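Biologist: I am new to this structure. Could you walk me through it, one short question at a time?

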Amino acid sequence: MGTVNATIAGRQFRLACEDGQEEHLQGLAHDIDQRIINLRARFGEIGDTRLTVMAALMVADELEEAARKSRRLEDEIAALKDARVVAADRAKAASDAVVGAFNSAAERLEGITRKLNQTLPAGHGVGIG
């Protein structure tokens, strides 16, 4: 288990963390300390507890906003996946329609060729190959 010595609001804290997470925890502690410093600059000395609670509320607000944004993005991703399925179905239907139209045109051409071959004298047929 790793440990970190961090300064938050002018006080030293010895914090435990999983091995390899020391730098991350140090960064988090620094972020909280900076928030408290900024709040102290804005509101003056209103007490460490109040400053700490205000900093915690700011973090909680940011976390909630991030969760809200994540949910919106998940909804957008789901909608895009649905749209992709619909577009793929439409593309398949359009492809099938084009193939059907080509087949129908080929059959008509073959029919016309047969009729032409039937009406021409022997040896003067139209060759399609």
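Biologist: Which residue does the side chain of Arg 40 meet in a salt bridge?

Modeller: Keep in mind that this is a predicted model. Arg 40 is partly exposed, at 22% relative accessibility. Its partner is partly exposed too, with a relative accessible area of 34%. The N to O distance is 2.9 Å, and the partner is Asp 48.

Biologist: How many salt bridges does the structure hold?

Modeller: The pair of Arg 40 and Asp 48 is one example. Another joins Arg 35 to Asp 31. The total for the structure is 8.

Biologist: How far apart are the closest N and O atoms of Arg 35 and Asp 31?

Modeller: Both residues lie in helix H1, which spans residues 22-43. They sit 4 residues apart, about one turn of the helix. Their closest N and O atoms form a salt bridge at 2.9 Å.

Biologist: Is Arg 35 buried or exposed?

Modeller: The cut-off for buried is under 20% relative accessible area. Arg 35 has 13%, so Arg 35 falls below that limit. Its salt-bridge partner Asp 31 is partly exposed, at 32%. Arg 35 itself counts as buried.

Biologist: Which side chain makes a polar contact with the side chain of Arg 35?

Modeller: Look beyond the neighbours within four places in sequence. There, Arg 35 is in contact with Ala 55, Met 58, Val 59 and Glu 62. The polar contact spans 2.7 Å, and the side chain is that of Glu 62.

Biologist: Asp 33 is buried yet has no salt bridge; which side chain of opposite charge is nearest?

Modeller: Asp 33 is found in helix H1. It touches Thr 7, Ile 8, Ala 9 and Gly 10, leaving out residues up to four places away in sequence. A salt bridge needs the nitrogen and oxygen within 4 Å. The nearest side chain of opposite charge is 6.3 Å away, and it belongs to Arg 40.

Biologist: Which residues do salt bridges with shared partners join into one network?

Modeller: Start with Glu 65 and Arg 72, whose closest N and O atoms are 3.9 Å apart in a salt bridge. Glu 65 is partly exposed at 31%, and Arg 72 is partly exposed at 42%. Shared partners extend the set to Glu 64, Glu 65, Arg 68 and Arg 72.

Biologist: Which helix or strand supplies the largest share of the largest nonpolar core?

Modeller: Nonpolar side chains tend to be buried together in soluble globular proteins. Here the largest nonpolar core has 11 residues, including Val 4, Cys 17, Leu 25 and Leu 51. Strand S1, H1 and H2 each supply at least two of them. The largest share, 4 residues, comes from H1.

Biologist: What does Cys 17 touch, not counting residues up to four places away in sequence?

Modeller: Cys 17 is one of the residues in that core. So is Leu 25, which is among the contacts of Cys 17. The full list is Met 1, Gly 2, Val 4, Glu 22 and Leu 25.

Biologist: Which residues form the uncovered face of S1?

Modeller: In a regular strand the side chains alternate between the two faces of the sheet. The covered face of S1 has Gly 2, Val 4, Ala 6 and Ile 8. The uncovered one has Thr 3, Asn 5 and Thr 7.

Biologist: Which residue takes a positive phi in the hairpin of S1 and S2?

Modeller: S1 pairs with strand S2, residues 11-17, in the antiparallel sense over 7 bridges. The bridge partner of Ile 8 in S2 is Arg 11. The hairpin has 2 residues between the strands. The phi is near 55°, and the residue is Ala 9.

Biologist: How far apart in space are Ala 87 and Gly 2, C-alpha to C-alpha?

Modeller: Ala 87 lies in helix H2, residues 48-119. It is partly exposed, with a relative accessible area of 43%. Ala 87 and Gly 2 are 85 residues apart in sequence. In space, C-alpha to C-alpha, they are 52 Å apart.

Biologist: And how far apart in space are His 30 and Lys 69?

Modeller: His 30 is in helix H1 and counts as partly exposed, at 48%. His 30 and Lys 69 are 39 residues apart in sequence. Their C-alpha to C-alpha distance is 25 Å.

Notes:
Residues are numbered from 1 along each chain as its sequence is written. This is a predicted model: local features need pLDDT of at least 70, side-chain atom pairs count only at pLDDT 80 or more; totals for chains, interfaces and linings use all residues. Side-chain values use heavy atoms; hydrogens and water are left out. Buried means under 20% relative accessible area, exposed over 50%, partly exposed in between (1.4 Å probe, protein chains only). A nonpolar core is a set of buried Ala, Val, Leu, Ile, Met, Phe, Trp, Tyr and Cys residues joined through side-chain atoms within 4.5 Å. Contact means heavy atoms within 4.5 Å. Lys and Arg count as positive and Asp and Glu as negative; His and the chain ends are not counted. A polar contact is a pair of N or O atoms within 3.5 Å; within protein, one must be able to donate a hydrogen and the other to accept it, and residues adjacent in sequence count only if both atoms are side-chain atoms. Two strands pair if DSSP finds at least two bridges between them.
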